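Trainee: Could you take me through this protein slowly, so that I understand what stands behind each term we use for it?
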Amino acid sequence: MASDQEDDEFLGFSNDEGDGSSTDTDSGDEGVAVEDDAVPLNAHQYGDMEQFQQVPDLNELAQDFPNEDGTASANLANSQVVPHLFDLNTPQIDESETSPYHQTATPINIGHHKPGKPRLTVGLKLEILIFLLRRKKPGLEKLIKGTITEAAIKYDYTPRTIGSIWNKARRQKEAMQTYDMSTNFHKCGRKRKEVPYEQIVAIAMGDRTCIIYLARMLNLSPTTVWRLIERKVLKAHSSPLCPGISETCKMTRMRWVLRLIMDYSIPHDPTYYGMYDFIHIDEKWSYLTQKSERVYLANNEPKPHRIGKSRTKIPKFMFMAAVARPRWGDDGNCEFHGKLGIFPFTNSVAAKRTSKNRVKGTIETKPVKSVNQIATRAMMINKLIPVIKEKWPPHVGEKVIYIIQDNAKAHILQSDPEWQQHYKQDGFTFVLTQQPANSPDCNILDLGFFRSI
């Protein structure tokens, strides 16, 4: 207890609890004046602090410390005796941290491998060899003392590495060989997998449709096959399906082409017939609309709303197109563009009854459901021949026009009875012919008429 009392006397605390009496311990040390109304600055009297509130630094206040003789030092008149407390504003020091005075400057190598030097290139080896040869003793195959160390310091390599270069050069000179500093470094590492050409060709085409299938057949991984593609050992190819033409069909087509050569131009200057009198026709099915169409609209333009009776049963229309060879005048202007027209296979039918869409008797356009020889004959007699007579360039006398068709079953022949009644009109003679097709029994154009031209 005596020791506790002595500590309280040293720190300036009193055991009296406000009895109004003044003792030596209450007033402090001699020569130090303490005001009666001064607020005690003990740490436990500050109470709870608000969050982020600055704690006053008690060490900045006046403090008195006892001297060696037991007396307190005298401060200014307005100073107070306060206990020596720690500063709460100072960051706490982690005592577990190692003092910087005990740390070594040598970096710690985490791995077990030493930092390697860059690999010596052939050019750098030759440069080192030239450096060594210039410091060789005259008439001897020895170096001046310290040359290996000097080269090691200059090029930042070990003396052993420099010495191996010199020893290799000595052995090559003794064997009467040229200095060769090349290495077998290019042979190190994992070797590339080579696939022979015969092994790839022996695989069926159906087993080469994708990389995975090909890798299985070659007993390789897909990644290895992909590397072969990058190395240009393999290449991708899209194989189109071409029509099969027999030798008979090839001969038929060749005969058709050769018959177009004019007789008077053989053999000195073979010239093909101009084909200005040929008209090519063909048919094409087209849907009235598509399920989905891409259009480009303005910024604030409303989106179009398309409707139909069915999304799966969209009406189809067939069109016949007819073109001829264009004709150009001597001045370079086009006299005849050759576009005769596109004609739809449709019928105009009156509505049989009234509905929400139209009243009875309204003329409607209906597609021809079946395009057969009857429809084709009607189209050529009623639509094609009048357009030819209207748009054909002017000519003198009777002119023969050849209408070239393909081998569709719906086409008609020149021997058709109804066609024989209309193939001659107003100085025009229309001759129906067919091109050679893939079948050997196709009706070939008999070009005997060239003999009379």
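Mentor: What follows goes from the whole chain to pairs of helices, and then to single residues.

Trainee: What kind of model is this, and how many helices and strands are there in the protein?

Mentor: The model is a predicted one, and the protein has eleven helices and ten strands. Of its 453 residues, 24% count as buried, and among the contacts with a separation of 6 or more, 56% are accounted for by residues 24 or more positions apart.

Trainee: Why are α7 and α8 called roughly perpendicular to each other?

Mentor: The axes of helix α7 (residues 211–218) and helix α8 (residues 222–230) cross at roughly 105 degrees and come within 9 Å. The term roughly perpendicular covers angles from 65 to 115 degrees, and α7 and α8 are therefore given that name. Ile211, Leu214 and Ala215 of α7 make the contact with Pro222, Val225, Trp226 and Ile229 of α8, and by class these residues divide into seven nonpolar, no polar and no charged.

Trainee: What makes α3 and α5 roughly perpendicular to each other?

Mentor: Helix α5 spans residues 159–174, and α3 packs with α5 at an angle of about 75 degrees, their axes being 10 Å apart. That value also lies in the range of 65 to 115 degrees, so α3 and α5 count as roughly perpendicular. On the side of α3 the contact is made by Lys125, Ile128, Leu129, Leu132 and Leu133, and on the side of α5 by Ile162, Ile165, Trp166 and Ala169. The classes here are eight nonpolar, no polar and one charged residues.

Trainee: At what angle do α3 and α4 pack, and which residues meet there?

Mentor: Helix α3 (residues 122–133) and helix α4 (residues 147–155) pack at about 145 degrees, with their axes 10 Å apart, and α3 passes α4 in a right-handed crossing. From α3, Leu124, Glu127, Ile128, Phe131 and Leu132 meet Thr147, Ile148, Glu150, Ala151, Lys154 and Tyr155 of α4. By class, this contact has seven nonpolar, one polar and three charged residues.

Trainee: Turning to single residues, how do you know whether His411 counts as buried or exposed?

Mentor: Its relative accessibility is 4%, and the cut-off for buried is under 20%, so His411 counts as buried. His411 lies in the loop between β8 (399–405) and α11 (417–420). Leaving aside neighbours within four places in sequence, His411 is in contact with Glu283, Gln373, Thr376, Gln405, Asp406 and Gln434.

Trainee: What makes the pairing of the side chains of His411 and Glu283 a polar contact?

Mentor: The side chains of His411 and Glu283 are joined at 3.0 Å, and a polar contact requires a pair of N or O atoms within 3.5 Å, one able to donate a hydrogen and the other to accept it. The pair therefore carries that name.

Trainee: Why are Ile404 and Ile385 called buried?

Mentor: Ile404 has 2% relative accessibility and Ile385 has 1%; since buried means under 20%, Ile404 counts as buried, and so does Ile385. Ile404 lies in strand β8, and its C-alpha is 4.8 Å from that of His280, although the two are 124 residues apart in sequence. Ile385 is found in helix α10 (residues 373–391); beyond four places in sequence, its contacts include Trp419, His422 and Phe430.

Trainee: What makes Lys232 and Asp426 exposed, and what is the sign of phi in each?

Mentor: Exposed means over 50%, so Lys232 at 72% relative accessibility counts as exposed, and so does Asp426, with a relative accessible area of 66%. Phi is positive in each, near 70 degrees for Lys232 and near 50 degrees for Asp426. Most residues other than glycine have a negative phi. Lys232 has its place in the loop between α8 and α9, whereas Asp426 is found in the loop between β9 (424–425) and β10 (428–434).

Trainee: Which kind of peptide bond runs from Ile266 to Pro267, and where is Pro267?

Mentor: The bond from Ile266 to Pro267 is cis, with omega near 0 degrees, and Pro267 has its place in the loop between α9 (247–258) and β1 (278–287). Most peptide bonds are trans.

Notes. Residues numbered from 1 in each chain as written. Predicted model: local features only at pLDDT ≥ 70, side-chain atom pairs only at ≥ 80, totals over all residues. Heavy atoms only, no water. Helix = DSSP H or I, 4+ residues; strand = E, 2+ residues; numbered from the N terminus. Buried < 20%, exposed > 50% of the residue type's maximum accessible area, 1.4 Å probe, protein only. Contact = heavy atoms within 4.5 Å. Axes fitted to C-alpha atoms, helices over the stretch in contact; angles between N-to-C directions. Left-handed = near helix turned anticlockwise from the far one by under 90°. Nonpolar A, V, L, I, M, F, W, Y, C, P; charged D, E, K, R; others polar. Parallel < 35°, antiparallel > 145°, perpendicular 65-115°, else oblique.
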